[in-house]
Amino acid sequence: MQSENETAEFLSILKETREQLVYFKELGVERIEGESPVSRSMETAVRQAETSVAESPGPQITGGAATTARAESAPESYTSDSPASSPATLFGDLAAPPVRIQKSSESFEEIWADIGDCTRCPLYQERTNIVHTDGNHKARLMFVGEAPGADEDAQARPFVGRAGQLLTKIIEAIGMKREEVLIGNVNRCRPPGNRPPTPEEASMCKPFLLREIAVVQPDVIVVLGNTAMKNLLDIKQGITRVRGQFQDYHGVKVMPTFHPAYLLRDPSKKKETWEDLKKVRDYLDTAPKRET
Ligand code: URA
Ligand code: URA
C-alpha cells in the first residue's frame, strides 16, 4: 500500500519523464548523449504507469492547480510601486513576490505610433517591415530575441521563420500556447545578412521594448542568446556561462537561454534549453499570480 506522499512523488516523476519525452520528440532529438534513446516503448511504459496509478484508489490528482491559481488576485504589495525595500528582492527569494518595475498605462498602439515610420538608425534602409512585439499584452511570460530575419521582415511578425517555429515548439513543450506569451526583439528592423545589431542600433530601438515590458509586466522574461541578454542585463559573461540562472531586470525574473537559431545549428544544446525552460515553468507554477 503506497502512502499519499509516495504516490504523489511517483506521479510527479512520471509527469517529468513524460514531458521530457514529449519535448525531445517534438524537437526532433533522437538521442541525448549519456541518456537512452527516446523510444516508443519507453513512452508507452510511462503512459501505462500513469494510467495504472490514476486508476488505483488513492489521492485524486486534479492537475488543475496551476491554471486555476492564475485567476487568483495578487497580494497588494506584489503590484505596488513602492521602493525596493522588500527583503525578498535583497535575497532574490524565488517564492517571494518581487517589487516590480513601475506599471505603465500606455498602450502598444501609442508606443508604435511613437516609433512611426522609423529612421532612427540605418537599419530602416533595407527593411520591408518594422517587426513589432507580438502576442498577449497580459502575458506572464515574454521572450526576447535579437532582430528580425528575412521571414520576419517579409511577414512583419517576430519569430515566424525556422527559429521561430522551434521557439513555438519550445513554448508548447512547457505546456503553453504561443498566443499566451509575448514575443519581441531588441531591434525591429532586419539587419543586412542577419548580422547582430550594433550597440548603436540596439540603443535606438531598445527603449520601445522596455516601454512594452513596463506595460505588460511579465513575471518572467526569457532572453534568447547573447544579444538579447546583453541588451537587457548588465552582464559581461556570455550566454553559455549565464544560461539557466535566473537574473533580475527591475524585479522581473530573467532567464537567459540559447537562441533557437543556435539550437538549429547545434541540436545537442536543446537539452540545456529544456532545463532552463523547466525552471521557468516551475517558477511560473509557484509564483504568486498577479492581477491583470
Ligand atoms: N531571430 C530573432 O532573433 N528574432 C526573430 O524574430 C527571428 C529570428
Ligand atoms: N551565442 C549566441 O549569441 N546565442 C546563443 O544562443 C549561443 C551562442
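Student: Which residues touch the most other members of the largest nonpolar core?

Tutor: In this predicted model, L141, F143 and I221 have the most contacts to fellow members of that core, which holds 56 residues. Helix α9 contributes the largest share of the core, 6 residues. As a general idea, nonpolar side chains in soluble globular proteins tend to be buried together.

Student: What is F143 in contact with, leaving aside its neighbours within four places in sequence?

Tutor: The partners of F143 are L167, I171, V181, L182, I183, G184, V222, L224 and L277. The run V181, L182, I183 and G184 is part of that list.

Student: How do I read the chain as a whole: how many helices and strands does it have, and what percentage of its residues count as buried?

Tutor: The chain has 13 helices and 6 strands. Of its 292 residues, 45% count as buried. The exposed area is about 15200 Å², and 51% of that area is supplied by carbon and sulfur atoms.

Student: What do the contacts in the chain say about separation in sequence?

Tutor: Take the contacts between residues at least 6 apart in sequence; 71% of these join residues at least 24 apart.

Student: Next, the enclosed spaces. How many cavities of 30 Å³ or more does the structure hold?

Tutor: A cavity is a space where the probe fits but cannot get out, whereas a pocket is open. The structure holds 1 cavity of 30 Å³ or more. The largest cavity has a volume of about 130 Å³. It is lined by 15 residues, and C118, C121, N187, C189 and C205 are the closest to its centre.

Student: Where does the largest share of that lining come from, and how does the lining divide by class?

Tutor: Helix α9, residues 199-216, supplies the largest share of the cavity lining, 4 residues. By class, the lining has 10 nonpolar, 1 polar and 4 charged residues. Helix α9 also gives the largest share of the nonpolar core.

Student: Now the second largest pocket: what is its volume, and which residues lie nearest its centre?

Tutor: The volume of the second largest pocket is about 620 Å³. Its lining has 27 residues, with E146, A163, H259, A261 and R265 nearest the centre.

Student: Which helices each supply at least two residues of the pocket lining, and which gives the most?

Tutor: Those helices are α7 (150-155), α8 (162-173), α10 (225-232), α11 (239-242) and α12 (260-265). The most comes from α12, with 4 residues. By class, the pocket lining divides into 12 nonpolar, 9 polar and 6 charged residues.

Notes: Residues numbered from 1 in each chain as written. Chains lettered and ligands numbered in written order. Predicted model: local features only at pLDDT ≥ 70, side-chain atom pairs only at ≥ 80, totals over all residues. Heavy atoms only, no water. 1 Å grid on protein atoms, 1.4 Å probe; cavity = no way out; pocket = protein on both sides within 12 Å on 5 of 7 lines; lining within 4 Å. Points joined across faces, edges and corners; volume = space filled by probe spheres on them. Nonpolar A, V, L, I, M, F, W, Y, C, P; charged D, E, K, R; others polar. Buried < 20%, exposed > 50% of the residue type's maximum accessible area, 1.4 Å probe, protein only. Contact = heavy atoms within 4.5 Å. Areas by Shrake-Rupley, 256 points an atom, 1.4 Å probe, with all protein chains shown as cover. Core = buried A, V, L, I, M, F, W, Y, C linked by side-chain atoms within 4.5 Å.
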